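Biologist: Could you take me through one part of this model up close? Pick a single helix and tell me what its residues are up to.

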Amino acid sequence: MTDDWYHQQPPPGPHGPHGGYGDHATGGYAAHGPYGAYGGGYPPPHEPYRPTGEMPSQGSMIGALVMAIILMVTCCGTVSVVGIVFAAMALGEKYDADVAAKYTRYAWTSNWISLGIVLFAAVVIGLAIATSS
């Protein structure tokens, strides 16, 4: 076995003068294929950052963020962080309207759950104070 095995060329065959398939200029692939002029079996390029649909209102997103921040500062800090995260993700989403709407719904749902927990705790504490007298 010799050390120059990688310098050897493949024997010419029925697939062209370069021993490969197709045209040597296109890297062995034909310039046409199932997707037109792109060849190689790859689909044509698309615009992945084009906005889809109509974005939800910024007011709803900002309202969810403000409510989550107020809930976090006043009473239930760790529970309201989820609302802040989802509202911030909704505000950061610029290209997919469905995802932004989903994050806004999650933020509002989280805020209402946090508010419900606070109200439930207030009722329990109020009943405990009322019955202890």
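Modeller: One bit of vocabulary to start: a polar contact is a pair of N or O atoms within 3.5 Å. Keep in mind that this is a predicted model. Let's look at helix α3, which covers residues 97-132. At its start, a side-chain oxygen of D96 comes to within 3.4 Å of the backbone nitrogen of D98. From there α3 runs for 36 residues and reaches 53 Å from first C-alpha to last, close to the 52 Å expected at 1.5 Å a residue.

Now for what's tucked away. The buried residues in α3 include A97, V99, A100 and Y103, and T104, A107, S110, N111 and S114 are buried too.

The rings are worth a look as well. There are three aromatic pairs in the structure. F86 and Y106 make an edge-to-face pair, because their planes sit at 70 degrees, with the ring centres 5.2 Å apart. F86 belongs to helix α2 (residues 77-92) and Y106 to α3, so this pair ties together parts 20 residues apart in sequence. Both rings are partly exposed: F86 has 23% relative accessibility, and Y106 has 38%. Ring pairs also bring in Y103, giving a cluster of F86, Y103 and Y106.

Then there's a pair within α3 itself: W108 and W112 are stacked, 6.5 Å centre to centre with 25 degrees between the planes. These two sit four residues apart, about one turn of the helix. W108 is partly exposed at 25%, whereas W112, at 52% relative accessibility, counts as exposed.

Methods: Residues are numbered from 1 along each chain as its sequence is written. This is a predicted model: local features need pLDDT of at least 70, side-chain atom pairs count only at pLDDT 80 or more; totals for chains, interfaces and linings use all residues. Side-chain values use heavy atoms; hydrogens and water are left out. The expected span of a helix is 1.5 Å times one less than its number of residues. Buried means under 20% relative accessible area, exposed over 50%, partly exposed in between (1.4 Å probe, protein chains only). A polar contact is a pair of N or O atoms within 3.5 Å; within protein, one must be able to donate a hydrogen and the other to accept it, and residues adjacent in sequence count only if both atoms are side-chain atoms. Rings of Phe, Tyr and Trp (its six-membered ring) pair if their centres lie within 6.5 Å; planes under 30 degrees apart count as stacked, over 60 as edge-to-face and the rest as tilted.
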